[in-house]
Amino acid sequence: MSQDNAGLAALVQGSDPLLIGITCTYDNYGLAIDLAKRLKAALPRTRICMGGHHVSFVPTEALSQEASVDFILRGEAELSLPALVDSLQGRRPIQEVAGLAYRQDHAVRLNEPAPAPALDAIPAPALDTYEVCVDRGVAALATAHASRGCHMSCSFCDCMAFGRLHGRSIRWRPRPPNLVVQDLLNLRRVLGETGPVYFTDENFLGPGQAGLKHASAVGAAIAELQPPLQFHVSFRADAVNRHSLPVIAALRRAGLRSVFLGLESGSQRILDRLGKRLSVRQGLAALGALRRLGVAVPEVGFIMFTPDSTPRDLLANAALLRRTGHLTWSRLTQRLELFPGTQLSQEVMGGRDPGPGGWGYCYSLQHPVVGRMASGLAAIEDRVGGLRRAEGWLARIELWISNGSCGAGLRRRLSSFRRRVLRLTYDAFVGSLRMAAMGQDPSHPLLEASHRVAKWCEELELILADVASPGRETA
Ligand code: B12
Ligand code: SF4
């Protein structure tokens, strides 16, 4: 909240909380541990507990390495966190806090798994952090959820394994629509009518008939809100099909503006390898259907480099990204992060343990050309300002065009900008790959493309300054 770790440690000085909780995904593990150390130094009596997707899978390793962390609660914690507080206040033995990992007699103990909380029974999310954001004038992303869990088991994703931390396979659970709407109203009370609400559901269209029925009911309840609410959700690509299109159209009318769509790869071989149970064609069809409904897809889930990608896979990826309008620097360089608990991490690592902070890119890219390409791109990370700038524009253009918020004249100019950027980036990527295949430094074509794209961005910005803002332009 605009505080760095040192600032947060200074902020708590003089207080005496019983317990501080820190959330921890893989990407913020280093930061979270640094915070735990600082808080422990500032408040030696306070117990520090971590939870979240990453530490839930490495409790023994993290507690063995980090003395500043006292506890880890595994999985969803609405039931287990109050139980831990009870225990710290002497109301129940520590061994009875389900889901808890802790140190005892120089060893790490793992208690029985906690049951997964029922989503009709958990209280409305606390909004005190948003209140502090509002007080300090800090922008905050408004989030809500209408379901939790995923019925699929893609090999790189830890969602299914996260459900299993509760002792049995927990796949998908809906939150009753009336509670979802109550959560949204609570958010509005604190934040006012902010931008779109971001639904954190893994897949807003849950499985089968039950999933569609739930999404319809949530959409119908949102449609009643006054003033209307705009919202953003995530879909699996195969969830967009002839059965779901009427539901998505109704969600659009209720305020759905944009979707995060998991495409992941343009190579069918890689999709199969990742256990996506999707075809490239399904991804394309989903994207087309959403755009026809006026729902933007400003972001797609995409993994350019996987451990065993070949140059042919990279080419198929670049071609799909170009075709879908998502050929941007972040996606060109996106490398699969390996997370503990996933099936892929077992396949790639066997029994090797890189330590709690060593996952992510703990593997080598097997194909030498692909490896050369990845390091070549990493080396120019700081010199591709033009491509990065274009990335922001491409996402905004997707939103404006799909949502129909610009007139025909501007639409033509935006589409032309998009086409030129995509063509140039694609050609440059292919050129770079060719150089990598010849054993040369692959950076030159992409650097050159970035310089040209920077100029096009400047021209676009001048045009947009002239028409004030898309939506008002009528040319
Ligand atoms: C929203 C979201 C984002 C947003 C965050 C915006 C925001 N301000 O909230 C954005 C888009 C920025 C984002 C970015 C990224 N994300 Co993200 N994101 C999510 C998502 C969809 C929802 C998170 C959420 O709010 N869930 C709802 C709450 C209720 O669940 P929860 O956070 O898990 O919390 C529960 C438990 O984990 C536990 N818990 C959590 N914290 C704590 C703390 C304590 C003390 C305790 C006791 C318990 C506890 O209790 C909570 C209640 O039950 C999840 C997937 C998912 N559906 O959960 C991925 C997810 C968290 N993201 C993930 C990833 C990989 C990323 C990125 C690396 C993607 C990328 N390649 O750039 C970045 C990195 C961000 C970073 N620096 O860490 C992974 C993390 C995997 C891992 N093992 O670490 C997830 C799990 C998706 C996945 N399955 O791959 N993300
Ligand atoms: S990647 Fe998406 S569809 Fe696959 S298991 Fe994870 S949340 Fe489910």
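Biologist: Where is P227 found in this chain?

Modeller: In this predicted model, P227 is found in the loop between α8 (208–223) and β10 (231–236).

Biologist: What is the peptide bond from Q226 to P227, cis or trans, and what omega goes with it?

Modeller: The bond that joins Q226 to P227 is cis, with omega near -10°.

Biologist: What makes the phi of E264 worth a remark, and where does E264 have its place?

Modeller: The phi of E264 is positive, at about 70°, although E264 is not a glycine; its place is in strand β11 (residues 256–264).

Biologist: What is the order of the strands in the open sheet that includes β11, and which are its edge strands?

Modeller: Five strands form that open sheet, in the order β6-β9-β10-β11-β12, and the pairing is parallel. The edge strands are β6 (143–144) and β12 (296–302), each of which pairs on one side only.

Biologist: Why do β6 and β9 count as a pair?

Modeller: Pairing requires at least two bridges between two strands; β6 and strand β9 (residues 197–199) have two bridges, in the parallel sense, and therefore they count as a pair. Within this pair, A144 stands opposite F199 in β9.

Biologist: Which strands of the sheet do helix α11 and helix α16 touch?

Modeller: Helix α11 (residues 280–292) packs on the sheet and touches β11 and β12, with its direction at about 170° to that of β11. Helix α16 (residues 385–402) also packs on the sheet, touching β11 and β12, and its direction makes about 135° with that of β12.

Biologist: Why is one side of β1 and of β5 left without a neighbour in the other sheet?

Modeller: That open sheet of five strands has the order β1-β2-β3-β4-β5, with mixed pairing. β1 and β5 (107–110) stand at its edges and each has a single partner strand, so one side of each has no neighbour in the sheet. From one strand to the next, the twist averages 25°.

Biologist: Why do β3 and β4 count as a pair, and in which sense do they run?

Modeller: The requirement is at least two bridges, and strand β3 (residues 71–73) and strand β4 (residues 100–104) have three, so they count as a pair, in the antiparallel sense. The bridge partner of I72 in β4 is A101. Helix α4 (residues 80–88) packs on this sheet, touching β1, β2, β3 and β4, and its direction makes about 150° with that of β3.

Biologist: Why is ligand 1 said to lie between domain 1 and domain 2?

Modeller: Domain 1 (5–110) and domain 2 (117–302) both give residues to the shell around ligand 1, and therefore ligand 1 lies between them. Of the 27 residues around this ligand, G21, T23, T25, G51 and E76 come nearest; the elements that give two or more residues to the shell are β1 (19–23) and β2 (47–51). By class, this shell has 11 nonpolar, 11 polar and five charged residues.

Biologist: Which residues are around ligand 2, and how do the residues of its shell divide?

Modeller: The residues around ligand 2 are C150, M152, S153, C154, C157, C159, M160, E202, N203, R236 and G262, and they divide into six nonpolar, three polar and two charged.

Biologist: Why is the protein chain called as compact as a globular protein of its length?

Modeller: The protein chain has 18 helices and 12 strands. Its radius of gyration is 24 Å, close to the 23 Å that the globule rule gives for 475 residues, so the chain is as compact as a globular protein of that length.

Technical notes: Residues are numbered from 1 along each chain as its sequence is written. Chains are lettered from A and ligands numbered from 1 in the order in which they are written. This is a predicted model: local features need pLDDT of at least 70, side-chain atom pairs count only at pLDDT 80 or more; totals for chains, interfaces and linings use all residues. A residue is near a molecule or strand if its C-beta atom, placed from the backbone, lies within 6 Å of it. Helices (H or I, at least four residues) and strands (E, at least two) are DSSP runs, numbered from the N terminus. Ala, Val, Leu, Ile, Met, Phe, Trp, Tyr, Cys and Pro count as nonpolar, Asp, Glu, Lys and Arg as charged, and the others, Gly among them, as polar. Domain bounds come from an automatic or database domain assignment. Axes are lines fitted to C-alpha atoms, for helices over the stretch in contact, and angles run from 0 to 180 degrees between N-to-C directions. Two residues are in contact if their C-beta atoms, placed from the backbone, lie within 7 Å. The radius of gyration is taken over C-alpha atoms; the globule rule is 2.2 Å times the number of residues to the power 0.38.
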